[in-house]
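Subject: A structure for you to look through

Dear colleague,

I am passing on the structure we spoke about, and I would be glad if you kept it open while you read the notes that follow. Please take your time over each point and compare it with the view on your screen.

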Amino acid sequence: MTLYVTLTLIMLIALVCSKNKALKPLMNNGQCDKDRKTFLQGRISFARGQLLASPANVLFVSIILLLWVLTAFRNEKIGNDTTTYLKYFDLIKRSGVNKGINFELGYQYYCLIVGKIFPNRNAILVVTATICYAGVGFY
């Protein structure tokens with residue numbers, strides 16, 4: 001757990017260091033257009049595969065990948081409610097969406113879609129971790 005928290009803090013520091021130009025448009029210093037253009041150029045360079053151009057980006061990507069691996073491929077005994085989520089994932093995958101289950105409808109459809117695409121029960125962990133860390137990584 002300590003390793004996970006430490007890596008998360010390092011990831012946040014790397015995020016601030018690598019994305020500091022994205023924060024400048026929030027400050028009203030008269031350079032918003034220039035900084036926004038720089039920010040958009042950074043997004044374009046990401047799309048062209050130049051993500052690892054700076055050391056801060058290399059650190060950020062490395063930590064995101066490490067945290068993703070730790071989260072996506074964890075044992076089902078890790079976490080207080082992972083076993084419960086996997087149990088309900090199996091139930092929803094077998095029987096479909098059921099309004100009588102004590103899970104929200106969106107999560108049940110999410111489990112149903114993931115269950116139809118991937119036969120393995122740990123796929124829900126991998127897909128959820130991918131969505132979460134892709135959101136952080138692309139921000």
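Cys-111 is buried, because its relative accessible area is 0%, under the 20% cut-off, whereas Cys-132, with a relative accessible area of 47%, is partly exposed. Please bear in mind that the model is a predicted one, and that the values below are computed from it. A disulfide is a covalent bond between the sulfur atoms of two cysteines. In this structure the number of disulfides is 0.

The aromatic rings come next. A pair of such rings is described by how far apart the centres are and by the angle of the planes. Searching the whole structure gives 6 aromatic pairs. One of them is formed by Tyr-85 and Tyr-107, which meet edge-to-face, with 5.5 Å from centre to centre and 70 degrees between the planes. This pair links distant parts of the chain, since Tyr-85 belongs to helix H5 (residues 82–95) and Tyr-107 to helix H6 (residues 105–117), 22 residues apart. Tyr-107 is buried, because its relative accessibility of 17% is under 20%, while Tyr-85 has 33% and therefore counts as partly exposed.

Tyr-107 also pairs with Tyr-110, and here the ring centres are 6.1 Å apart and the planes stand at 50 degrees, so this pair is tilted. Both of these residues lie in helix H6, where they are 3 residues apart, or about one turn of the helix. Tyr-110 itself is partly exposed, at a relative accessible area of 22%.

If you follow the ring pairs further, you will find that they link Tyr-85, Tyr-88, Phe-103, Tyr-107 and Tyr-110 into a cluster. Tyr-88 has another neighbour to look at, for Lys-87 lies over the face of its ring, at 5.0 Å from the ring centre.

Finally, which residues form a nonpolar patch on the surface? They are Ile-113, Ile-117 and Phe-118, and together they have about 310 Å² of accessible area. Phe-118 is found in the loop between H6 and helix H7 (123–138), and with a relative accessibility of 39% this residue counts as partly exposed.

With best wishes,
A colleague

Technical notes
Residues numbered from 1 in each chain as written. Predicted model: local features only at pLDDT ≥ 70, side-chain atom pairs only at ≥ 80, totals over all residues. Heavy atoms only, no water. Phe/Tyr/Trp six-rings, centres within 6.5 Å; stacked < 30°, edge-to-face > 60°. Helix = DSSP H or I, 4+ residues; strand = E, 2+ residues; numbered from the N terminus. Buried < 20%, exposed > 50% of the residue type's maximum accessible area, 1.4 Å probe, protein only. Lys NZ or Arg CZ within 6 Å of the ring centre and 35° of its normal. Patch = residues over 30% accessible without salt bridge, like charges linked within 9 Å, V, L, I, M, F, W, Y side chains within 5 Å. Areas by Shrake-Rupley, 256 points an atom, 1.4 Å probe, with all protein chains shown as cover. Salt bridge = Lys/Arg side-chain N within 4 Å of Asp/Glu carboxyl O. Disulfide = S-S within 2.5 Å.
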